[in-house]
Amino acid sequence: MNLGTRKLLDHSFTALGFGSIIIMGLALLVVLFPIATKGVGAFVFKGTIEHRKLLLSEFHRGDPKEIVKEETETNRYRQKVFDMLAAFDQELDQMDYEQQSKYRSSYDQVKTSLRTLLGPLPGDSEPALTRFQYGQTRWDKAEEKLHGLLYEQKWDYSNPDVIAKPYDVSRAAGFAGTSLVKLFPYVEENLDKMMMPEWTFYWGFFTESSLDAHFFGGIWPEIQGTIFLAIGAMLFAFPLGVIAAIYFTEYARDGFLTSMLRSANSTLAGVPSIVFGLFGLAFFINTLHVSESKSVLAGSLTLAIMILPTIIRAAEEAILAVPKTYKEASLGLGSTKWNTIVTVILPAALPGILTGGVISLGRAAGETAPIIFTAAVSVGAAIGLGDVLTSPTPALSWNIYNLASEHEAAAEIRHVQYGMVLALVTVVLLLNLSAVILRARISKKLKG
Amino acid sequence: MPMSLEATETKKNDNSSTGALDIYLPPERKKVTGGGQPHVVAKNFSIYYGEFEAVKKVNADILSKYVTAIIGPSGCGKSTFLRAINRMNDLIPNCHTTGALMFDGEDVYGKFTDEVLLRKKIGMVFQKPNPFPKSIFDNIAYGPRLHGVKDRKTLEGIVERSLRKAALWDEVSDRLDKNALGLSGGQQQRLCVARTLAVEPEILLLDEPTSALDPKATAKIEDLIQELRGSYTIMIVTHNMQQASRVSDYTMFFYEGVLVEHAPTAQLFTRPKDQMTEDYITGRFS
Ligand SMILES: Nc1ncnc2c1ncn2[C@@H]1O[C@H](COP(=O)(O)OP(=O)(O)O)[C@@H](O)[C@H]1O
Ligand SMILES: [Mg+2]
């Protein structure tokens, strides 16, 4: 190859390298930016009076006097709506059956819309579910619901060749000539006075349990479950992995058994995580009966098996990277092999071993499949440390999936989902960060 | 079997003005008392890496309390021989020995020999300084702690004594808790010597201890060897023949695994018996 082509190749490789790094950076930005912005929306938002009422009565937070004052204030504006409804009820009574039925269904929809906006209307019986006991707690949601009050969604089927398109029809038009017509512009104009939105930092999102299947409240049980599972997995996998790595590097003789064990370890690293999940169910729960059914213990064990190969590999490499001279120096002073491993080799290898630990910790916290059958439940209270042997737990990874796919009102609580994603990313980052800091400290101590 | 030291010292005088090899005349040294017994004895001792015989049927007596230098071209088996004495070669999987190597009358490679105990008595300092990534104090205290010394006062005593013996105390006494890797190369090497001395060995094995150091640090190590001479049996591998002549009482010349000549240093350098030795020290091959 002549110099010209070689240089050209060199340059294009450099460009390629740069390009891929930039693309990776952009991809990261594209992924992380919405996670951050939408995730923050879960706990920083314009909260309405409904939110404050909810906090007061369900979580006993907030100033009761202040809230009563606000309630009277908002009720002044809401009363007009209720009055209009009462007036229209009377009007309806005076209509004949045919006229009545013309308005009935649309009127019911208006009332339902108002209920979702403002909570139960006067004369309603107390709803059983918390989600129906309050109006919109978030202003962004309230504005969305207002649209549903003002417009009825209809579908345009005129072109049979394409999927039908939705279009808005003004509800006010449907009530032309009745007293209810005035209700729509009134609500549109005065909604903020009826809701009193205020910027809220809802820290309870991270410290409180969910209320009514994540409709309200926070995600503490999920965060705690994730931490329990990840740390539990590390408790099993880390010592075991390091011991195995010591065996492989310092004790094992090259032979059939060793090479079998090594390739078993490599294979284990490539097994899909769902297989670990099923294995955990079959082995830890159904065979060993470590717990009656799902439990943090069973989930931790399953995750531990999953991350074990990574930890072994990293630890092996770290141990092999320790300068041979340390070992010689120690042995030369009359140290035993085991003593040399404990006092010289492991301390020197610790940063590298911890790196493997960090990677595994993040993986254990984030994996969903291994805990589906062994540890995770969709909605639950935070469990105590004493219950980890027997109780299952909600966990971020699994609940994100659950909220996205199985929750009956997934569209209503997207913000919770985003919040969970952000929390998961943050938990993993924090776990990693603390491990990285620990690692850096040890490295620094070693380097002097 | 080398000649006795007395013999060299008398002969040195009538040799003091014979041409080119004069630069190798050893300096005047203090008298060694209570040494001179065979400390390490090799009998038909061979060392193999797999099939390859790296050290071939060596017969030698290493005398106690004196300094013995091992010289020879690179790859001739100097390190292999030295490391065999405290069984450092055990770390190499396919390395084995034949013949006998005795230390204090006991077979180093005997079935019941405890190599851990052996290494406590035969300390080693390596080519590249290899302090542990720990504090200076912990480096020196590592060995004593290993062998059961727990009392802080006792340890402090040992650390100070060892550092003084290694002529390092004055330079580091105010920063014993600092990481040893922060020391200069020469200081690190003296620290390694001190670390070895802290377990009170009988023999000190030095494998090219100055080849990674600058001349000043080298001089300090050589001074240190003179200080320790008479208290420890010292064996030093070096490729620097002037160094060998400066610091040693006896010299072993290896060539391709064979111990060609083993004699009092002054004699080996000024009146070598073997042609190969002469060729090597006069620089005809190296
Ligand atoms: N670990 C080893 N495995 C195989 N051969 C080795 C090993 N170490 C050294 N040798 C060989 O043994 C011979 C002596 O080596 P060595 O004792 O290190 O020489 P020197 O220290 O005199 O330079 C050389 O030929 C070298 O290639
Ligand atoms: Mg060598």
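**Figure 1. Polar contacts join chain B to chain A in this predicted model.** Between the two chains, six residue pairs are in polar contact, both partners at pLDDT 80 or more. On chain B, helix H3 (115–121), strand E6 (122–125), helix H4 (136–146) and helix H7 (185–197) each supply at least two residues of the side that touches chain A. That side of chain B divides into 13 nonpolar, six polar and five charged residues. The rule finds one salt bridge across this interface. Its partners are Arg83(B) and Glu328(A), with the closest N and O atoms 2.9 Å apart.

**Figure 2. The area buried between chain B and chain A.** About 1800 Å² is buried between the two chains. Carbon and sulfur atoms give 65% of that area. Three residues, Pro133(B), Tyr142(B) and Leu146(B), supply 26% of what chain B buries against chain A, more than any other three residues. The contact takes 24 residues from chain B and 20 residues from chain A.

**Figure 3. Arg138(A) in a loop of chain A.** Arg138(A) sits between helix H5 (130–133) and helix H6 (139–150). Its relative accessibility is 6%, under the 20% limit, so Arg138(A) counts as buried. A polar atom of the Arg138(A) side chain lies 2.9 Å from the backbone oxygen of Gly41(A). Leaving out residues up to four places away in sequence, Arg138(A) touches Gly41(A), Ala42(A), Phe45(A), Lys46(A), Thr48(A) and His415(A).

**Figure 4. Aromatic pairing of Phe43(A) with Phe206(A).** Over all chains, the count comes to 22 aromatic pairs. Phe43(A) and Phe206(A) form one that is edge-to-face, at 4.6 Å centre to centre and 65° between the planes. Phe43(A) lies in the loop between helix H1 (3–40) and strand E1 (44–47), and Phe206(A) in helix H9 (residues 204–207), so the pair ties together parts of chain A that are 163 residues apart in sequence. Phe43(A) is buried, at 10% relative accessibility. Phe206(A) is partly exposed, at 24%.

**Figure 5. A tilted ring pair in helix H17 of chain A.** The ring centres of Trp398(A) and Tyr401(A) are 5.5 Å apart, with the planes at 35°. That angle is neither under 30 degrees nor over 60, so the pair counts as tilted. Both residues lie in helix H17 (residues 396–405), three residues apart, about one turn of the helix. Trp398(A) is buried, with a relative accessible area of 9%. Tyr401(A) is partly exposed, at 42%. Elsewhere in chain A, Phe88(A), Tyr103(A), Tyr107(A), Phe175(A) and Phe184(A) form one aromatic cluster.

**Figure 6. Salt bridges of chain A.** A search of the whole structure finds 27 salt bridges over all chains. Arg76(A) and Glu73(A) meet in one of them, at 3.3 Å from N to O. These two residues are three apart in helix H3 (residues 64–94), about one helical turn. Arg76(A) is exposed, with a relative accessible area of 54%, whereas Glu73(A) is partly exposed at 30%. Another salt bridge joins Glu408(A) to Arg131(A), the closest N and O atoms being 3.0 Å apart. This pair links distant parts of the chain: Glu408(A) is in the loop between H17 and helix H18 (414–447), and Arg131(A) is in helix H5, 277 residues apart. Glu408(A) is exposed, at 55%. Arg131(A) is buried, at 17%. A network of salt bridges links Glu50(A), Lys53(A), Glu71(A) and Arg78(A).

**Figure 7. Arg190(B) and Glu171(B) in a salt bridge.** The N-to-O distance between the two side chains is 2.9 Å. Arg190(B) lies in helix H7 and Glu171(B) in helix H6 (residues 169–172), so the pair ties together parts of chain B that are 19 residues apart in sequence. Arg190(B) is buried, at 4% relative accessibility. Glu171(B) is partly exposed, at 27%.

**Figure 8. Ser162(B) and its surroundings in chain B.** Chain B has 11 helices and 10 strands. Of its 286 residues, 56% are buried. Ser162(B) is in helix H5 (residues 152–165). The residue is buried, with a relative accessible area of 4%. Apart from neighbours within four places in sequence, Ser162(B) contacts Ile140(B), Ala194(B), Leu197(B) and Ala198(B). The C-alpha atoms of Ser162(B) and Ile221(B) are separated by 14 Å, with their positions 59 residues apart along the chain.

Terms used:
Residues are numbered from 1 along each chain as its sequence is written. Chains are lettered from A and ligands numbered from 1 in the order in which they are written. This is a predicted model: local features need pLDDT of at least 70, side-chain atom pairs count only at pLDDT 80 or more; totals for chains, interfaces and linings use all residues. Side-chain values use heavy atoms; hydrogens and water are left out. Helices (H or I, at least four residues) and strands (E, at least two) are DSSP runs, numbered from the N terminus. Buried means under 20% relative accessible area, exposed over 50%, partly exposed in between (1.4 Å probe, protein chains only). A polar contact is a pair of N or O atoms within 3.5 Å; within protein, one must be able to donate a hydrogen and the other to accept it, and residues adjacent in sequence count only if both atoms are side-chain atoms. Contact means heavy atoms within 4.5 Å. Buried area is the accessible area (1.4 Å probe) that two parts lose on being put together, summed over both. A salt bridge is a side-chain nitrogen of Lys or Arg within 4 Å of a carboxyl oxygen of Asp or Glu. Ala, Val, Leu, Ile, Met, Phe, Trp, Tyr, Cys and Pro count as nonpolar, Asp, Glu, Lys and Arg as charged, and the others, Gly among them, as polar. Rings of Phe, Tyr and Trp (its six-membered ring) pair if their centres lie within 6.5 Å; planes under 30 degrees apart count as stacked, over 60 as edge-to-face and the rest as tilted.
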